[in-house]
Amino acid sequence: MHLPGLVSLLLLSAPVLAAEPPAQDPKALEAEIQRDMEAFEKNMDRGTPIPCGHPPMRPERISGEDLQFDPARITHLDDEESTYQMTCTFKLDGKVTGCRMIRPGMGLDASQRKTIKAWRFKPAHYKGKPIATTCTVSGKLTPRSAN
């Protein structure tokens with residue numbers, strides 16, 4: 001037999017020569033995953049933020065004013081851009097930190113940072129217990145009064 005024929009024969013018979021892995025019982029696999037998840041949840045630090053979603057439920061604002069924007073910074077925006085989006089971290093104590101504007105592409109000014117610092121939120125819950133989260137917040141682009 002010539003070499004290319006031998007290689008072809010070996011390649012065609014490789015699946016037959018390879019040992020089949022033993023099939024895992026689906027119920028045993030599910031039980032193992034459940035045990036791993038329970039151990040993870042028991043040992044997790046609820047103060048370390050996780051992404052918002054369902055679960056956990058979203059945090060709910062209980063105090064603080066809405067953001068207002070400098071009219072000069074928002075007059076150039078289209079009518080469709082009448083809302084803002086930003087990501088923030090919501091701590092267990094209800095404080096908000098690490099806010100970053102996503103849309104429209106502008107940073108937060110000192111007045112907005114002061115407003116956010118005064119916000120208080122009811123924390124999100126995961127399996128009936130409060131948990132820190134990082135979520136997207138949106139609102140209306142409201143012009144600041146000229147006072």
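In the predicted model, the link between Cys88 and Cys99 is right-handed, with 120° about the S-S bond. Cys88 lies in strand S4 and Cys99 in strand S5, so the disulfide ties together parts that are eleven residues apart in sequence. The sulfur atoms of Cys88 and Cys99 are 2.1 Å apart, and the count for the structure comes to one disulfide. Cys88 has a relative accessibility of 0%; because buried means under 20%, this residue counts as buried.

The two strands joined by this disulfide belong to an open sheet. Four strands form the sheet, in the order S1-S9-S4-S5, and their pairing is mixed. Strand S1 (50-51) and strand S5 (96-103) are the edge strands, each of which pairs on one side only. Strand S4, comprising residues 83-90, runs antiparallel to S5, and five bridges join the two. Within this pairing, Met86 stands opposite Met101 in S5.

The pairing of S4 with S9 is likewise described by its bridges. S4 and S9 pair in the antiparallel sense over eight bridges, and Thr87 has Thr136 in S9 as its bridge partner. Strand S9, which covers residues 133-140, pairs with S1 in the parallel sense, over two bridges. Here Ile50 stands opposite Thr133 in S9.

Strands of the sheet also contribute to the nonpolar interior. The largest nonpolar core holds 18 residues, of which Phe69, Tyr84, Met86, Val96, Ile116 and Trp119 touch the most other members. At least two residues of this core are supplied by each of S4, S5 and S9. The greatest contribution comes from S4, which gives four residues. Met86, noted above as standing opposite Met101, is thus described in two settings, since it is also among the core residues that touch the most other members.

The surroundings of Ile116 were examined with its neighbours within four places in sequence left aside. On this basis, Ile116 is in contact with Leu67, Met86, Val96, Cys99 and Leu108. Two of these partners, Met86 and Val96, are themselves named with Ile116 among the residues that touch the most other core members. Another partner of Ile116 is Cys99, the cysteine that forms the disulfide with Cys88.

Charged side chains were considered next. Side chains of opposite charge can pair when their charged atoms come close. A search of the whole structure finds two salt bridges. In one of them, Asp109 and Arg144 meet through their side chains at 2.9 Å, N to O. Asp109 lies in the loop between S5 and helix H4 (110-118), whereas Arg144 lies in the segment after strand S10 (142-143), so this pair ties together parts that are 35 residues apart in sequence. Asp109 counts as buried because its relative accessibility is 17%, while Arg144, with a relative accessible area of 22%, is partly exposed.

A salt bridge is also formed by Asp66 with Arg61, with the closest N and O atoms 2.4 Å apart. Asp66 counts as exposed, at 52% relative accessibility, and Arg61 counts as partly exposed, at 32%.

Definitions and conventions. Residues are numbered from 1 along each chain as its sequence is written. This is a predicted model: local features need pLDDT of at least 70, side-chain atom pairs count only at pLDDT 80 or more; totals for chains, interfaces and linings use all residues. Side-chain values use heavy atoms; hydrogens and water are left out. Two strands pair if DSSP finds at least two bridges between them. A disulfide is a pair of cysteine sulfur atoms within 2.5 Å. Buried means under 20% relative accessible area, exposed over 50%, partly exposed in between (1.4 Å probe, protein chains only). A salt bridge is a side-chain nitrogen of Lys or Arg within 4 Å of a carboxyl oxygen of Asp or Glu. A nonpolar core is a set of buried Ala, Val, Leu, Ile, Met, Phe, Trp, Tyr and Cys residues joined through side-chain atoms within 4.5 Å. Contact means heavy atoms within 4.5 Å.
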